[in-house]
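This report describes the fold of one protein chain and then turns to a single residue within that fold. Please consult the sequence and the model while reading.

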Amino acid sequence: MIEFLNKELNWVDVEYWFSIFNDWSLVYLIIPFFIVELVRYKIQDRLSKDVIFDSIANVITLGAFVTIEYIIGILFATKLYFWVHYNLSLPHLPLNWITIICCVLLADFAYYWDHRMMHRIGIGWATHTVHHSSPHFNMSVAYRFGPLDAVFPLLFSIPIVMLGFDPILVLLSEVFVQVFQTLLHTEMIKKLPKPIEYIFNTPSHHRVHHGSNRQYWDKNYGGILIIWDRILGTFEPEVETVRYGIDKPINSNNPFVIFFHGLQRLGKKVATTKGFINKLLCLIKPPGWESK
Amino acid sequence: MSNIKLISISTFIIIVLAGIPHFLETNTINVSNYKEKEVVKEETTIKVSKHPLEGKWKVDYREEGSVMYQLKMEHNKLVGYSIKLMDVKGQFTSDHTKIFTLTSFINNKGKGIYSVAYKNKIYDIPCKLELKSSELYVSYDYYGYKDTEIWKRQ
């Protein structure tokens, strides 16, 4: 077993298998699933203009997010990853199953902390609130991104590169976690068998995460595994029916309003807060924080 | 949960997840080193062990001619120089430009930094290596510029 896990793998094969899940799942899984969700909305008589325009806006925010991600990548992120890999890293790890499994688990753990930070500091919530601002819950909501969503993950993935993992493998693992997360954005799957619900993040756990019910705030940050939440005290099971969205709804399907509303609200809060230190604290204190 | 508890648990998780592959890697190297030592011991009377990539390698660049490279140990590091540049007509000039530094090499696979000249500029590109009998596959992907060179042992 150890010999199998430790056997050196070919990069071409690894990239191929990651692409099957990371890239092609959009075609064979996510889009078909979204179509079924639309049919379900229709059957339940919930297919409204609001759902359609909300979904279109979600895809437009994805376009803006990808553009920002590419700009950051070309300007410095790729160079930074490789510079850290060659100058600030532990001995480089070979490409084998054990490295891949540990890298995906570390990427998932990094996702947990990145996600928790985005909820618990002002500037993080200013961008992540975009993702939570939809009053609906379907696959398209997974693609609803904020303007700084590409920036914060860097803080958590660079340390993984420093631990000796290949930067490309770290990026592939992060996308793997993100794609797994995408599949959780659905109301169609209720609860899965108990062992799965105990270990893995599921649609039920993620519905709780998107809930605006008070007991669901800041819960279930996990990506692939829910055990991180159980271990670190942020787990909440789905009991009460979930109300989606944020406590102060934006009531708009304008992609521009959706994409920038978090930063705009934060900017307004900073502007009306007195004192330079307090203005800075607005950025790093939790979203509900007010100066005395 | 207190911050100290959060930090302690998180540090433990990171140490375990990063430690497992490093631990197994170290053990594998030890085993392969041990095996290598045994082989060297048997062959000490015949020849001194050297790095499997050391030697001269020739690469054909299709319409641009070919280049002869020499890989050798310098200060305990394997480095490469281009030593002969040949055009398509077969005319050659001597050269001594450092083009390569090996960073890791285990089980016939490895990584290195390959210095590629393009439009009078030198770019240091991370590359991957794979040794298959007398051929060395050097692959790189630099901002979409992707290629695999086949180096033939001379």
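In this predicted model, 49% of the 292 residues of chain A count as buried. The secondary structure of chain A consists of 13 helices and zero strands. The radius of gyration of chain A is 20 Å, close to the 19 Å given by the globule rule for 292 residues, so the chain is as compact as a globular protein of that length. Along the principal axes, the C-alpha atoms of chain A fill a box of roughly 55 × 55 × 35 Å.

Among the contacts in chain A with a separation of 6 or more, 73% are between residues 24 or more positions apart. The surface and the charges of chain A are summarised below.

| Property of chain A | Value |
|---|---|
| Exposed area | about 14400 Å² |
| Share of the exposed area from carbon and sulfur atoms | 70% |
| Distance between the mean positions of the 25 positive and 24 negative charges | 12 Å |

One residue may now be considered in detail. His206(A) lies in helix 10, which covers residues 203-209 of chain A. Is His206(A) buried or exposed? The relative accessible area of His206(A) is 0%, and this residue is therefore buried, since buried means under 20%.

What does the side chain of His206(A) make a polar contact with? The partner is the side chain of His185(A), at 3.1 Å. When residues up to four places away in sequence are not counted, His206(A) touches His131(A), Phe137(A), Gln181(A), Leu184(A), His185(A) and Asn201(A). His185(A) thus appears both among the residues touched by His206(A) and as the partner in the polar contact.

Technical notes. Residues numbered from 1 in each chain as written. Chains lettered and ligands numbered in written order. Predicted model: local features only at pLDDT ≥ 70, side-chain atom pairs only at ≥ 80, totals over all residues. Heavy atoms only, no water. Helix = DSSP H or I, 4+ residues; strand = E, 2+ residues; numbered from the N terminus. Rg over C-alpha atoms; globule rule 2.2 N^0.38 Å. Buried < 20%, exposed > 50% of the residue type's maximum accessible area, 1.4 Å probe, protein only. Contact = heavy atoms within 4.5 Å. Areas by Shrake-Rupley, 256 points an atom, 1.4 Å probe, with all protein chains shown as cover. Lys, Arg positive; Asp, Glu negative; His and termini not counted. Charge placed at Lys NZ, Arg CZ, Asp CG, Glu CD. Polar contact = N/O pair within 3.5 Å; in protein donor to acceptor, adjacent residues only side chain to side chain.
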